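Good morning, colleagues. I would ask you to keep the structure in view while I go through a few of its residues and pairs.

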Amino acid sequence: MRIWLLLALLTVLGITWWASRQEPATMESERVDQDQVQDYFVRGLELHLFDTQGRLSHILEANRLAHFKASGITRLQQPGYILYEDKQPAWKIRAEKGDLSRDQSLLQLLGKTEINWQGDDRRPPMHLITSDLIVRPQTEYAETAAPVTVTSGENWIESTGMQAWLKAPGKIRFLAQTRAHYVAQ
C-alpha cells in the first residue's frame with residue numbers, strides 16, 4: 001500500500017513539475033504573438049498634410065497600412081511619399097514596402113525604391129533607384145547605404161550610399177564607389 005501511495009505521489013509531483021515547466025514557454029509565445037497584434041489597418045490610404053499656411057506639404061499613400069499596437073510601428077505596403085515645397089517641383093518617392101516609426105519621425109522604405117523629381121527651368125528631371133531608404137519627413141532628409149543609380153537624360157551617376165537634403169536648394173552627397181557619365185550639351 002505504501003508503494004502505491006509513493007508511486008501516486010511521485011506521479012502527481014512529476015505531472016506538477018512538467019506542467020509548471022511548460023507555462024513560461026506558453027507565456028513567452030503569447031508575448032511574441034502580442035507584439036504582432038494589429039490594432040487597426042487601412043486599405044487605400046491617401047493622407048494629405050498641410051503646413052501652417054494651409055499649403056499642401058506632404059502626401060502619404062499606401063495600398064495597405066497596418067498598425068502594430070505593442071511596438072507602435074506602422075507597416076505600409078507599396079507606399080508612396082510626395083514632398084511639396086513652395087514654388088519647387090515635388091519629390092515623388094515609391095517603394096515596395098515601408099515602416100513608419102511610432103512618433104512618425106522616421107519612414108524606412110524597404111525593397112526597391114524609386115525617387116522622381118520633375119525638374120524646373122534651371123535643372124532637368126531626375127530619376128533615382130535604390131533600396132532601403134530612410135526618410136526623415138520633418139527635415140526632408142533621406143539616406144541609404146545601398147547602391148544608388150541616378151539618371152537625368154543621358155547623364156547617370158552610380159554610387160554606394162547616399163545622403164539627400166530634399167528641401168530647397170537641395171543637395172545630394174554620394175558616399176562611396178561613385179561613377180558618373182555626363183554628356184555635354
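Let me start with Gln138, which counts as exposed because its relative accessibility is 60%, and the cut-off for that class is over 50%. In this predicted model, Gln138 is found in the loop between strand E7, residues 126-136, and strand E8. Which residues does Gln138 contact, once its neighbours within four places in sequence are left aside? They are Gln104 and Ser105. Gln104 is 34 residues from Gln138 along the chain, and the C-alpha atoms of the two are separated by 9.0 Å.

Thr113 offers a contrasting case. It is found in strand E6, which covers residues 107-117. Is Thr113 buried or exposed? Thr113 is buried, at a relative accessible area of 0%. Its contacts, not counting residues up to four places away in sequence, include Ile93, Arg94 and Ala95. They also include a run from Leu128 through Ile129, Thr130, Ser131 and Asp132 to Leu133. In addition, the side chain of Thr113 reaches the backbone oxygen of Gly111, at 3.1 Å.

Let me place these residues in the chain as a whole. The chain has 1 helix and 10 strands. In order from the N terminus, the elements read α-β-β-β-β-β-β-β-β-β-β. Of the 185 residues, 31% count as buried. Among contacts with a separation of 6 or more, 35% are between residues 24 or more positions apart.

I turn now to the nonpolar core. In soluble globular proteins, nonpolar side chains tend to be buried together. Here the largest nonpolar core has 25 residues. Which residues have the most contacts inside this core? They are Tyr81, Trp91, Ile93, Leu107, Leu109, Leu133 and Val135. At least two residues of the core come from each of these strands: E2 (56-68), E4 (80-85), E5, E6, E7, E8 and E9.

Val135 serves as an example. Leaving out residues up to four places away in sequence, Val135 touches Tyr81, Ile93, Leu107 and Leu109, among others. Its further contacts include Ser105, Leu106, Tyr141 and Ala142. Two of the residues touched by Thr113, namely Ile93 and Leu133, have also been named in the list for the core.

Tyr141 brings us to the aromatic residues. A pair of aromatic rings is described by the distance of the centres and the angle of the planes. How many aromatic pairs does a search of the whole structure find? The search finds 2 aromatic pairs. One of them is formed by Tyr141 and Trp165, with 5.3 Å from centre to centre and 55° between the planes, and this pair is tilted. It links distant parts of the chain, since Tyr141 is in strand E8 (residues 141-152) and Trp165 is in strand E9 (residues 155-165), 24 residues apart. Tyr141 is buried, with a relative accessible area of 10%, whereas Trp165 is partly exposed, at 29%.

Trp165 also has a charged partner: Lys171 lies over the face of its ring, at 4.7 Å from the ring centre. A further arrangement of this kind involves Arg64, whose charged end sits over the ring of Phe41, 4.3 Å from the centre of that ring.

Finally, the salt bridges. The count comes to 6, and I shall describe some of them.

Asp99 and Arg75 meet through their side chains in a salt bridge, at 2.8 Å from N to O. This pair links distant parts of the chain: Asp99 belongs to strand E5 (residues 88-100) and Arg75 to strand E3 (residues 74-77), 24 residues apart. Why does Asp99 count as buried? It does so because its relative accessibility is 15%, and buried means under 20%. Arg75, at 36% relative accessibility, counts as partly exposed.

Asp51 forms a salt bridge with Arg55, where the closest N and O atoms are 3.2 Å apart. Asp51 is partly exposed, with a relative accessible area of 26%, and Arg55 is partly exposed as well, at 37%.

Glu114 forms a salt bridge with Lys112, and their closest N and O atoms lie 3.5 Å apart. Glu114 counts as partly exposed at 25% relative accessibility, and Lys112 likewise at 43%.

To return to the opening residues: Gln138 is exposed, and Thr113 is buried. Thank you for your attention.

Definitions and conventions. Residues numbered from 1 in each chain as written. Predicted model: local features only at pLDDT ≥ 70, side-chain atom pairs only at ≥ 80, totals over all residues. Heavy atoms only, no water. Phe/Tyr/Trp six-rings, centres within 6.5 Å; stacked < 30°, edge-to-face > 60°. Helix = DSSP H or I, 4+ residues; strand = E, 2+ residues; numbered from the N terminus. Buried < 20%, exposed > 50% of the residue type's maximum accessible area, 1.4 Å probe, protein only. Lys NZ or Arg CZ within 6 Å of the ring centre and 35° of its normal. Contact = heavy atoms within 4.5 Å. Polar contact = N/O pair within 3.5 Å; in protein donor to acceptor, adjacent residues only side chain to side chain. Salt bridge = Lys/Arg side-chain N within 4 Å of Asp/Glu carboxyl O. Core = buried A, V, L, I, M, F, W, Y, C linked by side-chain atoms within 4.5 Å.
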